[in-house]
Amino acid sequence: MSERTFFQRILGISATGIAAEGSWTLEGKSVRVDPGKLPELSVSGKGVRIEGKGLPERILLLHGADGEFHAFRNRCTHGGRRLDPSGDGVQCCSVGKSFFDLNGSVISGSAKKNIKKYNTRRENSYIIIEL
């Protein structure tokens, strides 16, 4: 994750890019992600935002420092801003800098509630996110 300026934090601008067109599909109550189309996911500590195309909620998918893939509702419980991967967890992109671990639990910052974490699994070469 790249550092944001103070003004980017004030405006809540996420440093995480949106998943490439055609890299994921919504299939009922799950999202099928092709990591081969998302080079960002080949590096531990990086992630992508999955948004649009009929999704009920925005998703942040990250390749955790633990080597696993983790998916979260991409909305901070403090101010509703987007989240970014940050070391061994995720951080709100606003000035509150709420930090959550890979289970979605609040570690520090302004947030008082945990973020929603989705179950993920590998199916052949895909990552499946259960909504």
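**Exercise 1. Is E27 buried, partly exposed or exposed, and what is its relative accessible area?**

Before solving, note that this is a predicted model, in which local features need pLDDT of at least 70, side-chain atom pairs count only at pLDDT 80 or more, and totals for chains, interfaces and linings use all residues. Residues are numbered from 1 along each chain as its sequence is written, and side-chain values use heavy atoms, with hydrogens and water left out.

*Solution.*
- Step 1: recall the classes. Buried means under 20% relative accessible area, exposed over 50%, and partly exposed in between (1.4 Å probe, protein chains only).
- Step 2: place the residue. E27 has a relative accessible area of 38%, so E27 is partly exposed.
- Step 3: look for a charged partner. E27 forms a salt bridge with R32, with 3.1 Å between the closest N and O atoms; the term requires a side-chain nitrogen of Lys or Arg within 4 Å of a carboxyl oxygen of Asp or Glu.
- Step 4: widen the view. Through shared partners, salt bridges link E27, R32, R121, E123 and E130 into one network.

**Exercise 2. Describe how β1 and β2 are arranged.**

*Solution.*
- Step 1: fix the elements. Strands (E, at least two residues) are DSSP runs, as are helices (H or I, at least four residues), and both are numbered from the N terminus.
- Step 2: check the pairing. Strand β1 (residues 24–27) runs antiparallel to β2, and four bridges join them; two strands pair if DSSP finds at least two bridges between them.
- Step 3: find a facing pair. Opposite E27 stands S30 in β2.
- Step 4: inspect the turn. The hairpin has two residues between its strands, and G28 in the turn has a positive phi of about 65°.

**Exercise 3. Follow V33 from its strand into the core.**

*Solution.*
- Step 1: V33 lies in strand β2 and is buried, with a relative accessible area of 0%.
- Step 2: list its contacts (heavy atoms within 4.5 Å). Not counting residues up to four places away in sequence, V33 touches S23, W24, L38, L41, I50, L61, Y126, I127 and I129.
- Step 3: place V33 in the largest nonpolar core, a set of buried Ala, Val, Leu, Ile, Met, Phe, Trp, Tyr and Cys residues joined through side-chain atoms within 4.5 Å. This core has 16 residues, and V33, L41, I50, I59, L61 and I129 touch the most other members.
- Step 4: ask which strands contribute. At least two core residues come from each of β2 (30–33), β3 (47–50), β4 (59–63), β5 (69–73) and β11 (126–130).
- Step 5: note that a second, separate core of eleven residues includes L60, V90, C92 and F100.

**Exercise 4. Work out the surroundings of β5.**

*Solution.*
- Step 1: four of the five residues of β5 are buried, so β5 is largely enclosed by the rest of the structure.
- Step 2: on one side, β4 and β5 pair in the antiparallel sense over five bridges, with L61 opposite A71.
- Step 3: these strands form a hairpin with five residues between them, where G67 in the turn has a positive phi of about 85°.
- Step 4: β5 is also joined to strand β10 (residues 117–123) by two bridges, again antiparallel. Here the bridge partner of A71 is Y118.

**Exercise 5. Which parts of the chain does the E21–K53 salt bridge tie together?**

*Solution.*
- Step 1: the closest N and O atoms of E21 and K53 are 3.3 Å apart.
- Step 2: E21 sits in the loop between α1 and β1 and K53 in the loop between β3 and β4, so the pair ties together parts that are 32 residues apart in sequence.
- Step 3: E21 is exposed at 70% relative accessible area, while K53 is partly exposed at 46%.
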